[in-house]
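These entries record what I looked up about how the chains meet and what lies in the core.

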Amino acid sequence: MSEIVRKNGNGRFSEAVVKDGIVYVSGITGDTPYADVKTQAKELLATMDRILAENGSDKEHILAAQVVLPDISTVGELNEVWDAWVVKGHEPCRICFEGRLVSPKYRVEICLIAAVK
Amino acid sequence: MSEIVRKNGNGRFSEAVVKDGIVYVSGITGDTPYADVKTQAKELLATMDRILAENGSDKEHILAAQVVLPDISTVGELNEVWDAWVVKGHEPCRICFEGRLVSPKYRVEICLIAAVK
Amino acid sequence: MSEIVRKNGNGRFSEAVVKDGIVYVSGITGDTPYADVKTQAKELLATMDRILAENGSDKEHILAAQVVLPDISTVGELNEVWDAWVVKGHEPCRICFEGRLVSPKYRVEICLIAAVK
């Protein structure tokens, strides 16, 4: 079995961890504090594209995603951004629910499991 | 490594994704909106049986489950149905917590990771 | 592919499940009901050390962690204990959010995915 590769650890968590061809990605938020959910979703999915690329994967290779929204009534806005980003025919599994996040600055947080290409 | 197989994608998520002998299953809810948690739990676990079978697995091969309840005070009722469904000696790992779901129609949502038989 | 090994099943869930060199660990809580989050976090991470060891892993081999706090305002206290426990250079991926737990006795619950050494 392969070694574990960890990226961008900060003493608390790694941004991504790769083992045996599977990429685990930490909960990622947007860049702009207090921006609306659509803005933050676009920002965080751009970050996901970057993280997946840095770890030999891409959005066509996502296996499962978890979406946490501090206000579930914003799920329609999140879905607009998500649906435009996901590659048709390559949709991951998903679970989505309401949960307050570590900071009230963020409107959505998503973590992923993906396969290396 | 094996190809990724995706089932029943709807542009947002796939019902199940299989990679390297592991089946990821999306968050599944019951069939009858606003039915009580026991009814919905039975319905969704029947759906899980169908999804697992369609992907070469079954409830004896579940590795990990996540249970999300919009009202944690219903966990006793959920557990009654869950405990009757789970195969003794083949219990998966589990985490269970309260979180509002995408629609108030649903009283419980469960996602799984299972192994192909 | 390897067999599935399950540890300490109770008819509802197994404490840990191992398959193909990956250890899944159920949501673990502290030992002392109603103790503060730091006390319970220390207790549960000691339990994690024991579970990981029993399944051929350790805290340097954690791939991903999910932290659920019934009161997200206690995340700073949780992080103090977490940061002291995590091995620098071996940080797992992490997602952390607020969700009420099955019992109000517990201030934090954590589940993990780790690699066998």
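The entries below take the interface, then the symmetry, then the core.

Entry 1, model. I note at the outset that this is a predicted model.

Entry 2, contacts between chains C and B. I looked up the extent of this interface and found 23 residues of chain B in contact with 24 residues of chain C. On the side of chain C that touches chain B, I find at least two residues from each of β2 (16–19), β3 (22–28), β4 (62–69) and β6 (109–115) of chain C. The most, 4 residues, come from β3(C). Sorted by class, this side of chain C comprises 6 charged, 7 polar and 11 nonpolar residues.

Entry 3, symmetry. I superposed chain C on chain B: a turn of 120 degrees with a shift of 0.0 Å along the axis gives an RMSD of 0.0 Å. This is the relation of a three-fold axis. I then asked which C-alpha in chain C is nearest the axis. It belongs to Gly99(C), and the distance is 3.4 Å.

Entry 4, surfaces used. I checked how far the interface residues of chain C are also interface residues in chain B; only 4% are, so the copies meet through different surfaces.

Entry 5, core. I looked up the largest nonpolar core, which has 123 residues. The residues with the most contacts inside this core are Tyr24 and Val25 of chains A, B and C. I followed one of them, Val25(B), leaving aside neighbours within four places in sequence. Within chain B, Val25(B) is in contact with Ala16(B), Met48(B), Ile51(B), Cys111(B), Leu112(B) and Ala114(B). From chain A, Cys93(A) is also in contact with Val25(B).

How values were computed:
Residues numbered from 1 in each chain as written. Chains lettered and ligands numbered in written order. Predicted model: local features only at pLDDT ≥ 70, side-chain atom pairs only at ≥ 80, totals over all residues. Contact = placed C-beta atoms within 7 Å. Nonpolar A, V, L, I, M, F, W, Y, C, P; charged D, E, K, R; others polar. Least-squares fit on C-alpha atoms with pLDDT ≥ 70 in both. Core = buried A, V, L, I, M, F, W, Y, C linked by C-beta atoms within 7 Å. Buried ≥ 20, exposed ≤ 12 C-beta atoms within 10 Å, placed from the backbone.
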